[in-house]
Amino acid sequence: AGPAVVVGNIVGIAEVAIPSGTKPGALTVDGVFTFEASSEITQGALVYLDSNGKVTTTATSNKLLGVAWTAASASGKPVDVRINFGDLDTDTKPSV
């Protein structure tokens, strides 16, 4: 799978390389994907995509990614995330 791509309030995973400055292209918007954690993450937590493409539990200035399907013990560790799962209304406090 390719990199995460933010489109409005959702995040998709690029199915093929998407040239910079073009339309989003083919994106997968459902499923479980592995990302790098920016800190320790608990299984089941709402997680967000930070500006470095890492997963965090910090909502401020980050895009809601989904729910941690597995835990990550520390920064740099892999975490599986079910993307676009959970409360996608970013105007209110997210809840699962």
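Let's start with Asn84. Is Asn84 buried or exposed? Asn84 is buried, because its relative accessible area is 16% and the cut-off for buried is under 20%. Keep in mind that this is a predicted model. Where is Asn84? It sits in the segment after strand 8, which covers residues 78-83. Now its backbone. Phi of Asn84 is near 55°. That is a positive value, and the residue is not glycine.

Next, Ser61. Here, too, phi is positive in a residue other than glycine, with a value near 65°. Ser61 belongs to the loop between strand 6 (55-56) and strand 7 (63-68). Buried or exposed? Ser61 counts as exposed, because its relative accessibility is 76% and exposed means over 50%.

On to the sheet. Three strands make an open sheet. Their order is 1-2-3, and they pair antiparallel. Which strands are at the edges? Strand 1 (4-7) and strand 3 (27-28), since each pairs on one side only. Look at strands 2 and 3. They run antiparallel, and 2 bridges join them. Ala14 stands opposite Leu27, which is in strand 3.

Stay with strand 2, residues 10-14, for one more residue. Ile10 is in that strand. Why does Ile10 count as partly exposed? Because its relative accessibility is 34%, and partly exposed lies between the 20% and 50% cut-offs.

Last, the surface. Ile10 joins Val7 and Val29 in a nonpolar patch there. Together, these residues have about 190 Å² of accessible area. Find the three of them on the structure above.

How values were computed
Residues are numbered from 1 along each chain as its sequence is written. This is a predicted model: local features need pLDDT of at least 70, side-chain atom pairs count only at pLDDT 80 or more; totals for chains, interfaces and linings use all residues. Side-chain values use heavy atoms; hydrogens and water are left out. Patches are made of residues with over 30% relative accessible area and no salt bridge: like charges are joined within 9 Å, nonpolar side chains (Val, Leu, Ile, Met, Phe, Trp, Tyr) within 5 Å. Accessible areas come from the Shrake-Rupley method with a 1.4 Å probe; for residues, only the protein chains shown count as cover. A salt bridge is a side-chain nitrogen of Lys or Arg within 4 Å of a carboxyl oxygen of Asp or Glu. Helices (H or I, at least four residues) and strands (E, at least two) are DSSP runs, numbered from the N terminus. Buried means under 20% relative accessible area, exposed over 50%, partly exposed in between (1.4 Å probe, protein chains only). Two strands pair if DSSP finds at least two bridges between them.
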